[in-house]
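Dear colleague,

I am handing over the structure below, together with some notes on how its strands and helices are arranged. Please read the notes with the structure open beside you.

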Amino acid sequence: MKKYNLLVVILLTLYGCKEPYPLGLSEGIWRGTMEMQDGEILPFNFEIKNGSGGYSMEVFNADEVLNIDEIVIDKDSIIIRMPVFEGYIAGTFSNSTITGNFIKESLHRVVPFNANFNDHKRFVTSKAPAKNISGNWEVVFSKGTKDAYIAQGIFSQTDEKVTGTFRTTTGDYRYLEGAVDGDSLKLSTFDGAHVFLFLASLTEGAMKGTFYSGNHFQEPFEAVVNESYELPDAFELTYLNEGYEKFNFSFKDINGNLISLDDPQYQNKVVIVQIMGTYCPNCLDESKFLVNYLKENKQDDLEVIALAFEYAKTEEDAFKGIKRLRDRLGISYSILLAQYGSADKKTANEKLPMLNHILSYPTTIFLDKKGEVRRILTGFNGPATGEKFIEFKKDFEAFTASLLAE
């Protein structure tokens, strides 16, 4: 916390002016933009409120509302710290403008940010939509390369407005919102961690475009309408390697204690192991689900434990991120630090060699009361996936109940 406070002071000094004068952020709807590669702009809307506890901010992505309550103002300088995630916006402001950067220190990423008050339009369109993309899409990212991967597009369009997401084998691309402008598709999300922009040209039953992540990455994608298309079974992608009969580990918790599944707390119980990272929005979605499930289904013979693989450069900073996530979500189960300095999946797999691979954060492992692995779920269908999220919840509840009944 001391390190963070010092950083805030430094940034406020850098961005601030020398002469003090009264300033205030205008309350109401704003339009924020992030500067991507190729000169493209990612837009999103947010609302500024000023209550008894100071300024707060709500960011809107389709049905998602991201609540931000850590806003520090000094003269004309501002720091907006994301909830749970490490990123923050630092800049200067007037009553109707904010200019600065979105910063993720551990990844050395800086994305220019601007915002204007009383601008309600996410994407500016100039033409009536020539196509309606509502439906199910078969998608390939980076087609024809060694990095190619498949996805499922799920979209709903009313007039020019589009909402939906892309599902991959490792998780979904969160709540996307945008518009069809003539024969062009524009989708974006800013959820405090992801800075995602999708731009595509539309033809009859097909689209072709570019996916931008911040100002550090882009890749092409292609898609065709296919109402029967489904991704591979998420329960068949990750499994125990031959020669391993058990899943186990030994990592430190937030108090420095080494914890393993051999500890008495986990004996003769159903155990759900969550492989995750505190920087990961899909993991956040799953953590919220697990917290709510445990509140609604109190079982003495059920335990959840999380293994965190963190980008944070030091163990101290990694545990700070874990504590922040735990406190923000009210997580009652243990979160162990499995790795820090990198969330590289190949390196992570060395920590858990009994798995054929770690393909995704999150990956969820279900163990029965004998400690045997009964299924492994790769990725997570979050609430942005709509019906897929509902299907996941029903399956999770039914399968967990069956293990508890054994």
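How many bridges join strand β16 (residues 195-203) to β17, and do the two strands run parallel or antiparallel? Eight bridges join β16 to β17, and the two run antiparallel. Before going further, please keep in mind that this is a predicted model, in which local features need pLDDT of at least 70 and side-chain atom pairs count only at pLDDT 80 or more, while totals for chains, interfaces and linings use all residues. Residues are numbered from 1 along each chain as its sequence is written, and side-chain values use heavy atoms, with hydrogens and water left out.

A few terms come up throughout. Helices (H or I, at least four residues) and strands (E, at least two) are DSSP runs, numbered from the N terminus, and two strands pair if DSSP finds at least two bridges between them. Buried means under 20% relative accessible area, exposed over 50%, and partly exposed in between (1.4 Å probe, protein chains only).

The strands around β17

Within the pairing of β16 and β17, the bridge partner of S201 is K208 in β17. The two strands form a hairpin with two residues between them, and G205 in the turn has a positive phi of about 75 degrees. On to the next strand, β17 also pairs with β18 (residues 217-225), in the antiparallel sense and over eight bridges, with Y212 standing opposite Q218 in β18. The hairpin of β17 and β18 has three residues between the strands, and there G214 takes a positive phi near 55 degrees. Strand β17 (residues 206-213) is largely enclosed by the rest of the structure, because six of its eight residues are buried.

The strands around β12

Strand β12 (residues 161-168) likewise has six of its eight residues buried, and so is largely enclosed by the rest of the structure. Eight bridges join β12 to strand β11 (residues 149-158) in an antiparallel arrangement, in which A151 has T168 of β12 as its bridge partner. The hairpin of β11 and β12 has two residues between the strands, and D159 in the turn has a positive phi of about 55 degrees. β12 also pairs with strand β14 (residues 176-181), antiparallel and over four bridges, and here K161 has A179 of β14 as its bridge partner. With strand β13 (residues 171-172), β12 pairs in the antiparallel sense over two bridges; R167 is matched with its bridge partner D172 in β13, and a hairpin through two residues joins β12 to β13.

The nine-stranded sheet

Nine strands form an open sheet in the order β4-β3-β2-β1-β9-β8-β7-β6-β5, and the pairing is antiparallel. The edge strands are β4 (64-68) and β5 (70-74), each of which pairs on one side only. The twist averages 25 degrees from one strand to the next, where axes are lines fitted to C-alpha atoms (for helices over the stretch in contact) and angles run from 0 to 180 degrees between N-to-C directions. Inside this order, strand β7 (residues 88-93) and strand β8 (residues 97-104) pair antiparallel over six bridges, and the bridge partner of I89 is F102 in β8.

β21 and helix α2

In a regular strand the side chains alternate between the two faces of the sheet. In β21, both faces are covered, since V270, I272, Q274 and M276 on one side and V271, V273 and I275 on the other are all buried. β21 and β22 pair in the parallel sense over seven bridges, with V273 opposite I305 in β22. The chain crosses from β21 through α2 to β22, and this β-α-β crossover is right-handed (with the strands pointing away from the viewer, the path from the first strand over the helix to the second runs clockwise). β21 also pairs with β24, antiparallel and over five bridges, and the bridge partner of V273 there is I365.

Helix α2 (residues 281-296) is largely enclosed by the rest of the structure, because 12 of its 16 residues are buried. Its buried residues pack against β13, β21 (270-276), β22 (302-309), α3 (315-329), β24 (363-367) and α5 (387-405), contact meaning heavy atoms within 4.5 Å.

With best wishes
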